[in-house]
Amino acid sequence: MKRERGSEPRLPDFPAECLPPALAAQARAIANVCRVPLAMSAPMILATASASLGRGVRVCALPGRVTPPNLFVLVCKTSGSGGSLTFNHATTPLVGVQKTLRREFEENEKPRLDAERADLAQQIEVTKRGLKGAADDDRSTLLDTLTAHNSKLAELEKRSAGRLLYVTDVTPEKLAEMLMEQGEALAHLDSDAADALGIILGTRYGKGDHTQDSLWLKSFTGEPVAIFRKNGEPIHLDAPCLAVLFVATPDKVQELFRTPRLTSGGLLPRFLACDPGARPMPLDGDDDAPHALPTEAAQSYEAAIFTAVQRYRISAEDDPDDISITPGARQLVRADWNRFCAAASEGADSPFEARHVENAIRIALVLHAFRHIAIEQRAPGTYGAKMHGHEHPLDEETMRNALTIRDWFSTHQRAFLAPQRVAADDASWEKAEELVKPRAREVGITARDLYIGHRVCRDAASAERLLSEWKEEGRIESFEREHKGAGRPATAYRLVKRPRT
């Protein structure tokens with residue numbers, strides 16, 4: 001007898017009121033113009049805001065844990081539902097900044113770098129010739145000179161890549177190299193992430209026997225990376241910081257959630273995943289419907305992203321601003337962490353729940369940075385901004401809003417996991433039935449019978465949960481089993497007798 005699968009409840013709308021004004025206004029404008037739910041536009045806006053901060057700001061909200069603002073966001077979209085258009089509107093400012101940086105590099109810095117490289121190459125060649133037949137007293141000086149030239153050349157080579165803020169299609173090996181070149185901060189953005197997810201799953205260039213998520217894992221938490229390849233220079237990363245926005249079809253996302261290597265402590269628990277439920281919308285002939293984003297919303301959002309990139313992503317990447325936190329906000333974090341610890345002690349040790357507190361802090365840091373921003377209209381259609389979040393502590397209101405947004409993503413996360421949990425519980429029931437059927441009705445089974453030797457589940461808490469659910473569903477009934485000797489009666493369970501038909 002398998003668990004009945006009822007219809008899934010409608011998931012709640014994204015709590016856009018929890019976003020800072022510049023982000024909320026743009027999320028609503030995109031939703032209106034693209035005819036998509038806020039659940040589609042708002043997560044992409046949040047991910048773009050995160051990517052614009054890089055590693056330039058951080059907060060210590062839990063003892064001994066410094067948290068950066070990089071988020072991993074995964075949004076479902078069906079074909080024709082407006083997902084790509086929404087993605088383009090959300091990421092346009094970041095794309096614009098990168099285009100500007102690349103153009104300035106190609107026009108100004110690259111010619112200068114090429115000239116310096118040519119000059120250095122000539123000086124190195126002259127120094128090498130001087131070493132031939134040089135007296136011992138002169139060799140030491142010439143070697144020091146050659147060392148200095150080589151060091152400067154290496155620095156020029158590092159700068160020759162130019163400034164990048166994001167990548168789209170990239171292998172793990174190239175991503176590691178680019179992180180090293182870009183101050184260890186990048187964003188990975190993809191409006192059709194099937195190929196990117198295929199690389200992570202190991203199916204794009206292999207049979208999927210092994211996932212390739214290690215670099216993404218380490219770049220989420222900022223763990224050191226040391227890569228040594230047979231061909232190529234070693235890559236050393238001290239604290240890589242990667243922000244991710246992937247948009248993929250529901251079937252591809254469900255495939256991820258069916259992959260145990262990704263769900264059991266792997267990459268997926270770090271993602272804020274959602275299915276907005278967006279579907280292609282019919283045209284109703286309304287000529288008054290907006291065809292372009294409102295100038296004020298679009299330009300304010302653009303000014304905010306531009307300023308975040310300059311103030312935090314670029315200027316502060318080597319010396320991040322440390323944000324303090326108010327006692328009220330810290331108390332909310334502490335209470336959230338303690339709830340997780342209590343659930344874990346009761347056996348609910350889901351790797352997804354283990355990341356909930358950390359993701360809430362990351363969201364709060366993004367909200368904080370974009371809440372403390374002054375946007376002004378400098379000319380008709382032209383907006384500027386100043387960010388001063390580093391001058392203020394992260395407060396209780398911001399943390400409460402972050403927890404609300406985190407809980408919204410958690411609701412979607414549970415919906416993604418529900419089919420897998422139902423399947424796992426069905427398998428557990430089949431194993432339990434095999435245990436209880438051969439036993440006399442006065443003996444039955446206990447929770448201990450389920451978890452000893454991992455016959456059905458891993459621990460006592462899981463066993464109690466399963467027995468309670470099966471009893472509520474009318475599969476089993478409890479009774480007090482008499483203990484032989486002086487011991488107390490034990491609560492046991494047996495199959496419910498069903499009338500013959």
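**Cavities and helix crossings in a predicted model**

Author: In this predicted model, the lining of the second largest cavity takes at least two residues from each of strand 9 (271–274), helix 13 (356–371) and helix 14 (396–436).

Reader: Which helix gives the most to the lining of the second largest cavity?

Author: Helix 14 does, with four residues. The full lining is Phe271, Leu272, His356, Asn359, Arg406, Phe409, Ser410 and Gln413.

Reader: What makes the lining of the second largest cavity three nonpolar, four polar and one charged?

Author: Phe and Leu count as nonpolar and Arg as charged, while residues outside the listed nonpolar and charged types count as polar. Phe271, Leu272 and Phe409 belong to this lining, as does Arg406. His356, Asn359, Ser410 and Gln413 are also in the lining, and the division is therefore three nonpolar, four polar and one charged.

Reader: How many cavities of 30 Å³ or more does the structure hold?

Author: It holds two. The largest cavity has about 50 Å³ of space, and the second largest has a volume of about 30 Å³.

Reader: What makes the residues lining the largest cavity nonpolar, polar or charged?

Author: Leu, Ile and Phe count as nonpolar. The lining consists of Leu197, Ile200, Leu256, Leu262, Leu267, Leu268 and Phe271, so by class it has seven nonpolar, no polar and no charged residues. Phe271 also lines the second largest cavity.

Reader: Why are helix 1 and helix 10 called oblique to each other?

Author: The axes of helix 1 (residues 21–34) and helix 10 (residues 295–314) cross at roughly 135° and come within 9 Å. Roughly perpendicular covers 65 to 115 degrees and roughly antiparallel needs over 145; the two helices are therefore oblique to each other. Their crossing is left-handed.

Reader: Which residues make that contact?

Author: Helix 1 brings Ala22, Leu23, Ala25, Gln26 and Ala29, and helix 10 brings Ala297, Ala298, Tyr301 and Ala304. By class, the contact of helix 1 with helix 10 has eight nonpolar residues, one polar and no charged.

Reader: What makes helix 3 oblique to helix 10?

Author: The axes of helix 3 (residues 83–131) and helix 10 cross at roughly 50° and come within 9 Å. Roughly parallel requires an angle under 35 degrees, and roughly perpendicular starts at 65, which makes helix 3 oblique to helix 10. This crossing is right-handed.

Reader: Which residues of helix 3 and helix 10 meet?

Author: His89, Ala90, Pro93, Leu94, Val97 and Leu101 of helix 3 meet Tyr301, Glu302, Ile305, Phe306, Val309 and Ile314 of helix 10. These divide into ten nonpolar, one polar and one charged.

How values were computed
Residues numbered from 1 in each chain as written. Predicted model: local features only at pLDDT ≥ 70, side-chain atom pairs only at ≥ 80, totals over all residues. Heavy atoms only, no water. 1 Å grid on protein atoms, 1.4 Å probe; cavity = no way out; pocket = protein on both sides within 12 Å on 5 of 7 lines; lining within 4 Å. Points joined across faces, edges and corners; volume = space filled by probe spheres on them. Axes fitted to C-alpha atoms, helices over the stretch in contact; angles between N-to-C directions. Left-handed = near helix turned anticlockwise from the far one by under 90°. Contact = heavy atoms within 4.5 Å.
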